[in-house]
Amino acid sequence: MLELKNVSAGYGPLQILWGISLKVETGEFVSMVGPNGAGKTTCLKSIAGMLDVTEGEVIFKDAVINKMQTSDITSLGLSFVTEEGCLFTGMTVAENLDLGAFILSDKKKIKELQDNIFDLFPRLAERKKQLAGTLSGGERKMLSIARGLMSNPSILMVDEPSLGLAPNLVDSVFDALITLNKKGVTILLVEQNVHTTLEITDRTYVIEQGHICLQGLSSEMLDNEHVKSCYLGIV
Amino acid sequence: MTNLQSILNKQNTLSDNKFFKLLGVSPFGVAVFIILALSPLFIDDQYVMHLLISSLMFGALAIGFDFTVGFINIVNFGYAAFMGVGAYTSALLVSRLDLSPVLAMLAGSILAAILGFLIGLLTLRLRGMFAAIMAWFFGITLMSLAANMVDLTRGHLGLNVPILFPGAGRDAYFYLILGITAVTYIVLRKIINSHIGLAFRAIGQNIEAARSSGVDSTKYRVFNFTVSCFFAGLIGGFYAFFVGVLTPAVMHTRVTVEILVLCYIGGRGSLWGGLLAAFLVIPIFEYLRPLMEIRLIIYGLLMILVMIYYPGGLAAVYAQLVDLIRDMLGMKSKSVTG
Amino acid sequence: MELSAIGDILVAGLLRGGLFVLMALGLSLIFGVMNIPNFAHGEFYMLGAYFAYFSRTLLGLNPVLCIIMAALGGFIAGSIIEMTAFKALRKRSKGNWVMNSFLLTVGLSILLQNLAQATLGVRFMGISHYWQGSINILPNISVSIDRFAGFVIAMATVALFYLFLHKTKTGNSIRAVSEDEDGAMLVGIKMNKVHTLTFALGALLAAIAGAALLSINPAYPTMGLAPLYKSWFVVILVGMGNVWGTVIGGFIVGIVEAFSYYNLGAGWQDVVSLMVIITILALKPSGIFGKSVRGVWDR
Amino acid sequence: MSNIILETKDVVKKFGGLIAVKNVSMQVKEGEIFGIIGPNGAGKTTLLNSVSGVYKPEEGQVFFKGENITNQGAHVLCRKGIARTYQIVNSFPRMTVLENVKIGSIFGSAIPQDDDAKAREILDFVGFPLPVDTIAGNLNTVQLKYLELARALATNGELLLLDEVAAGLTPGELTEFIELIKRIRDRGITVITIEHVMKFIMTICERIIVLNYGEKIAEGTPEEIVNDKLVLEAYLGKEHAVEAE
């Protein structure tokens with residue numbers, strides 16, 4: 001469904017990604033792990049069209065998307081939940097969700113999606129009328145994932161959902177992602193919380209200093225020494 | 001080709017000469033100055049002299065304006081009002097207190113500088129855009145004061161200013177404004193070439209980095225406003241005597257905008273760009289005077305086009321030309337304006 | 001001061017304030033969504049007045065239609081300008097967008113003003129009245145119907161504008177862009193469309209203000225400067241992106257102006273206004289409604 | 001024991017309701033390379049900003065060479081001897097490399113040094129690869145990092161604060177940077193560095209503190225830190241830490 005071929009990208013003169021290739025098949029739950037500053041977020045941003053890809057191609061549903069604008073990529077069915085959440089903090093939870101469905105016009109479908117989301121995140125239903133800026137960190141994470149789902153995407157990219165969350169909340173966010181994947185949503189997840197990530201995903205790419213240094217089934221990677229050294233510099 | 005190269009080389013060695021270094025003006029600039037100074041000997045037409053005086057006056061104003069916007073990156077949107085303060089003060093001191101015009105102009109500049117100091121303090125906590133708006137409010141207020149203190153300024157009726165050089169032609173005015181322009185340019189250039197100028201540019205380009213490199217942004221911002229307004233006041237004093245009648249309109253936003261456009265067409269951050277632009281633009285516009293609106297339409301269009309397509313202005317064109325010529329001659333690029 | 005005088009001042013201030021509210025809303029919308037400090041905002045006010053004048057005198061439309069024509073004219077002029085000038089600048093501008101776009105609007109202001117002057121001349125083009133007569137709004141205070149209607153139109157526009165921003169999908173997308181540009185792109189909102197629409201709406205608000213007051217302030221090329229100045233004043237006073245703050249700010253400025261006009265005479269308002277703003281900024285540097293001013297003030 | 005050059009006592013920095021730095025105390029000794037690590041958003045940069053005068057902490061004090069410097073402005077501290085670099089590299093884009101460095105030596109130093117020679121010497125020291133009259137705006141980020149470091153060194157500071165200098169470097173560049181920072185320390189300059197790249201911090205630092213959610217959760221030598229349970233938890237998640245036991 002999503003494929004990166006030799007993608008290089010960066011911020012202005014600073015190149016972060018050096019020829020990344022990866023693939024996500026329909027229905028898969030794929031993760032990307034690696035130390036801070038390795039280029040995971042940069043990778044997701046260049047897929048979502050928020051950064052210029054200087055070399056290589058991003059292919060989504062048989063279309064080359066790396067020259068397209070973010071809004072058009074979203075319309076194609078790719079949804080990106082950023083680390084910061086990019087929520088509309090001055091608007092209510094309900095308004096944020098409505099805007100999540102901006103590309104849809106079928107009212108019935110939107111209602112259905114919203115109901116599903118409230119099933120998944122009952123807390124959001126309780127706080128419909130509250131401003132997004134007044135939510136707690138965990139609720140914000142849920143809202144940003146929920147907003148990403150409202151466009152009924154074929155693939156969901158999630159950046160660091162566990163960041164800044166208390167452990168019990170981390171669990172509930174991950175649970176939600178597992179449920180979603182079971183329901184058939186393809187997910188590309190970026191995480192620092194390696195252990196949990198490896199446990200819940202199918203396949204994993206390890207990215208280090210802008211290169212993919214390791215890839216394979218998540219279960220096989222759990223005991224890999226290299227993964228450990230990537231993180232704490234224990235060689 | 002080699003001829004050109006030798007000229008360029010000569011200009012470079014000349015520029016390194018002690019005299020020119022001390023003056024802060026390039027040999028080319030001095031040559032232009034000398035040609036200008038001699039020009040009254042060849043020009044009989046009073047109208048042409050008038051044009052030259054206007055160009056110099058607006059050019060000098062643009063130099064002072066660029067001193068702020070081109071270096072610390074704040075638009076002093078009340079600039080014309082500071083010029084007006086200088087104009088009114090010197091005119092009033094001469095007509096009411098019989099002060100000598102030279103002293104009066106000096107007093108006018110000092111008052112303008114004090115007000116500049118105040119606006120510097122006032123806008124200290126504001127970012128670029130909002131500092132500009134605040135300076136604008138300040139300028140509008142000064143204009144309102146000039147319009148409303150009718151006892152002093154005669155408001156919109158206009159204040160008659162005594163003639164500076166009774167009996168003399170335009171030449172006297174010409175030499176005075178030429179002197180003022182030269183002094184303005186040299187003083188501001190000297191400041192810009194010193195450490196202070198380095199601090200200005202640092203503040204204008206990256207205020208956070210400037211602070212953490214030890215630059216006291218407060219001090220330099222206020223200093224910049226004070227100096228710039230001093231010269232606006234000085235040129236304002238000349239304006240009063242040259243025009244002969246002062247109305248609050250001289251302090252209007254429109255006048256600031258005209259100076260601003262000159263400065264941007266010339267290229268901000270060059271000091272001389274505005275002066276050059278004045279010599280190109282003012283004569284054309286004077287020529288078009290009967291078609292007042294059309295010239296201003298051109299003004300507006302020019303501003304829009306410069307902002308979109310050539311934000312560096314004439315100075316950037318010049319720098320690119322120099323680079324191009326050097327490249328063609330295979331010389332090492334020396335331009336630093338980027 | 002007598003009680004009735006205070007009443008007079010308050011009423012006059014509120015009526016004037018309605019105009020400032022409309023202007024300031026447009027200004028703050030354009031700044032909040034597009035980051036353009038619009039110096040040409042007053043020129044849309046001027047355009048609105050001319051559109052209304054010609055709709056009235058040439059086409060003989062009824063007053064409400066005149067104002068609607070002005071609104072349409074402002075909207076169209078705004079979209080054309082956004083699509084030509086600002087789109088081009090956005091493509092080419094590297095860094096310092098706020099300052100460059102500001103200077104672009106300075107050029108735009110000169111251009112529009114003098115285009116009007118070249119084609120229409122400098123004479124005042126006004127109408128004696130939209131509606132004749134006056135009404136008593138308080139037992140002993142009467143105002144002309146036009147002034148009152150201008151106020152009502154301003155308030156109705158504000159209300160409609162508020163509803164548009166909060167209750168429609170398009171309005172929500174505009175607010176979304178001002179809240180978080182990345183978020184807006186990520187949910188599929190097309191930035192180009194929102195930018196054009198925003199600028200056009202800002203122009204529309206200014207045009208309505210100019211049209212509504214045509215019988216009191218006749219149209220002439222340079223009429224935009226004073227309302228521009230006042231609307232910037234409101235924006236600095238209350239901060240950005242806050243509809244109700246802007247409404248209150250507009251009224252405050254109107255009342256301060258009416259008050260200083262009454263007590264000090266014409267022309268001194270600017271001095272008083274400046275004193276007010278200096279005092280407020282000294283006490284509360286982020287404007288009276290404080291925290292919503294994002295990225296505006298230096299640390 | 002060598003002298004303490006910098007000390008923070010219970011520093012608290014809040015943004016609105018969010019407490020970015022919570023009662024952090026640390027002591028940095030003269031001449032050491034001191035590391036601050038922690039996950040994204042742990043408050044590392046905020047702590048650095050509170051030390052260098054960019055932010056004013058709500059509570060607590062900062063002492064530099066025994067003097068209370070809490071609440072002093074960035075430019076004052078710079079002249080007192082605290083130099084720093086930024087995470088997003090700062091330069092004066094329309095100035096030459098030499099001018100950029102001179103800003104530091106003229107304004108940032110207690111005794112202004114106005115000669116090109118000093119600036120050139122520093123650029124030489126950091127090994128700046130391009131001609132000194134290159135315009136800063138044309139540099140790439142790695143070159144900008146060297147430039148910013150040179151500007152900071154030109155202020156003659158005794159304490160150098162580095163904010164994520166290693167981010168985005170290739171392994172080769174990283175090695176060069178590590179060497180450079182060691183040479184800086186050998187000049188007698190104390191270095192505090194915030195870092196994400198573990199290899200960098202583990203090879204270079206003598207002592208490290210770890211922040212998580214704005215709080216200091218560990219302090220010690222790199223070996224101690226690597227084996228600290230709380231740190232493993234913060235980085236790898238709880239389960240893994242348990243396994244590691």
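This is a short chat about chain B, its interface with chain C, and two loop residues of chain D in a predicted model.

Me: What helices and strands are there in chain B?
Reply: Chain B has 16 helices and two strands.

Me: How much of chain B is buried?
Reply: Of the 338 residues in chain B, 57% are buried.

Me: And what does chain B expose?
Reply: The exposed area of chain B is about 13800 Å². Carbon and sulfur atoms supply 70% of that area.

Me: Which share of the contacts in chain B joins residues at least 24 apart?
Reply: That share is 76%, counted among contacts between residues at least 6 apart in sequence.

Me: Moving on to the interface. How many residues does each of chain C and chain B put into the contact?
Reply: Chain C gives 47 residues and chain B gives 44 residues.

Me: What area is buried between them?
Reply: About 4200 Å² is buried between chain C and chain B. Carbon and sulfur atoms account for 76% of this buried area.

Me: Why quote an area at all?
Reply: Because the size of an interface is often given as the accessible area lost when the parts come together.

Me: How many salt bridges and polar contacts are there?
Reply: Between chain C and chain B the count of salt bridges is zero. Two residue pairs are in polar contact across this interface, both at pLDDT 80 or more.

Me: Which elements of chain C give two or more residues to the side that touches chain B?
Reply: They are α3 (63-92), α4 (97-120), α9 (225-238) and α11 (269-283) of chain C. The largest share comes from α4(C), with 15 residues.

Me: What is that side made of, by class?
Reply: The side of chain C that touches chain B has 35 nonpolar, eight polar and four charged residues.

Me: Different topic, chain D. What is the phi of D:K65?
Reply: D:K65 has a positive phi of about 50°, although it is not a glycine.

Me: Where is D:K65?
Reply: D:K65 is in the loop between β4 (59-64) and β5 (67-68) of chain D.

Me: Why does D:K65 count as partly exposed?
Reply: Because its relative accessibility is 44%, and partly exposed runs from 20% to 50%.

Me: And what about D:Y213, where is that and what is its phi?
Reply: D:Y213 lies in the loop between β9 (207-212) and β10 (215-220) of chain D. D:Y213 is not a glycine either, yet has a positive phi of about 50°.

Me: How does D:Y213 count for exposure?
Reply: D:Y213 has 42% relative accessibility, so it counts as partly exposed.

How values were computed:
Residues are numbered from 1 along each chain as its sequence is written. Chains are lettered from A and ligands numbered from 1 in the order in which they are written. This is a predicted model: local features need pLDDT of at least 70, side-chain atom pairs count only at pLDDT 80 or more; totals for chains, interfaces and linings use all residues. Side-chain values use heavy atoms; hydrogens and water are left out. Helices (H or I, at least four residues) and strands (E, at least two) are DSSP runs, numbered from the N terminus. Buried means under 20% relative accessible area, exposed over 50%, partly exposed in between (1.4 Å probe, protein chains only). Contact means heavy atoms within 4.5 Å. Accessible areas come from the Shrake-Rupley method with a 1.4 Å probe; for residues, only the protein chains shown count as cover. Buried area is the accessible area (1.4 Å probe) that two parts lose on being put together, summed over both. A salt bridge is a side-chain nitrogen of Lys or Arg within 4 Å of a carboxyl oxygen of Asp or Glu. A polar contact is a pair of N or O atoms within 3.5 Å; within protein, one must be able to donate a hydrogen and the other to accept it, and residues adjacent in sequence count only if both atoms are side-chain atoms. Ala, Val, Leu, Ile, Met, Phe, Trp, Tyr, Cys and Pro count as nonpolar, Asp, Glu, Lys and Arg as charged, and the others, Gly among them, as polar.
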